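Welcome! Here is a short briefing to help you find your way around the aromatic rings of a protein chain.

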Amino acid sequence: FKKIDLNYSSTWSVYAADSAGNNTRQSEWKVNKKLLRLTSTSWKFGLSFSLTSKKSSTNTAGKVEGEGLNKENITTQTSDFGTPAELRAINENPDQYVDWNIPWTLNIRYNFSYSSNIKYENMEKIKTPTIFQTLGFDGNISLAPKWKLEFSSGYDFKNREIAHTNLRILRDLHCWSMSFSWIPFGLRKSWSFSLQVKSSVLQDLKLDKKKDFRDNL
């Protein structure tokens with residue numbers, strides 16, 4: 001559906017199970033007069049919403065920056081600020097670029113999954129269910145002209161903890177661009193800072209500093 005994903009999967013065996021639940025060399029049809037024996041099932045349900053500011057919905061040509069590029073009018077595929085190859089790269093990889101004209105966006109996702117492993121002990125069916133629930137969100141907001149904050153996080157209902165969280169601050173410095181990324185907690189706790197020239201000709205002219213979880217190993 002448009003905002004809903006629903007998936008079902010299952011595993012079946014053509015062999016019958018013994019009293020310990022292991023497959024035998026005899027077919028399920030010969031022992032129980034059934035074609036197949038159900039061994040596992042899985043249901044997955046996903047719900048997603050995307051919200052954005054009214055200004056961005058009416059914007060058809062925005063200023064986009066990233067990977068050393070600074071382009072305009074990418075939706076029309078014609079621009080005096082880049083070659084066709086550069087404009088094509090932006091359209092094919094929109095997640096790698098920043099549209100400074102969008103004041104804010106927010107994406108919300110809810111995922112629910114139910115799986116059940118089926119075993120047979122003493123010829124009785126035993127189900128072992130497993131349930132996962134997660135709520136995730138990501139988006140960005142323009143804090144001020146030339147400043148933007150990107151974020152992503154969520155909540156794991158099964159483990160009762162906050163999911164992987166990432167914050168990123170971007171700054172447009174005219175001919176330069178600056179970014180600071182921070183994972184505040186978790187196994188991959190880290191930060192990174194980057195300052196680089198936008199021009200693709202001088203893309204190697206940059207300053208990178210970072211510290212991640214591997215530095216403490």
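The points below go through ring pairs and then a charge over a ring.

This is a predicted model. A pair of aromatic rings is described by the distance of the centres and the angle of the planes. Here the count comes to five aromatic pairs, and two of them are introduced below.

**Y8 and W43**
- The rings of Y8 and W43 form a tilted pair, with 4.6 Å centre to centre and 45 degrees between the planes.
- Y8 belongs to strand 1 (residues 4-13) and W43 to strand 4 (residues 37-52), so this pair ties together parts that are 35 residues apart in sequence.
- Y8 has 43% relative accessibility and counts as partly exposed.
- W43, at 40% relative accessibility, also counts as partly exposed.

**F45 and Y110**
- F45 and Y110 make an edge-to-face pair: their centres are 6.5 Å apart, and there are 65 degrees between the planes.
- This pair links distant parts of the chain, since F45 is in strand 4 and Y110 is in strand 8 (residues 104-121), 65 residues apart.
- F45 has a relative accessible area of 30%, so F45 is partly exposed, because that class lies between buried (under 20%) and exposed (over 50%).
- Y110 has 23% relative accessibility, so Y110 counts as partly exposed too.

**A charge over a ring**
- K158 places its charged end over the ring of F132, 5.5 Å from the ring's centre.

Notes
Residues numbered from 1 in each chain as written. Predicted model: local features only at pLDDT ≥ 70, side-chain atom pairs only at ≥ 80, totals over all residues. Heavy atoms only, no water. Phe/Tyr/Trp six-rings, centres within 6.5 Å; stacked < 30°, edge-to-face > 60°. Helix = DSSP H or I, 4+ residues; strand = E, 2+ residues; numbered from the N terminus. Buried < 20%, exposed > 50% of the residue type's maximum accessible area, 1.4 Å probe, protein only. Lys NZ or Arg CZ within 6 Å of the ring centre and 35° of its normal.
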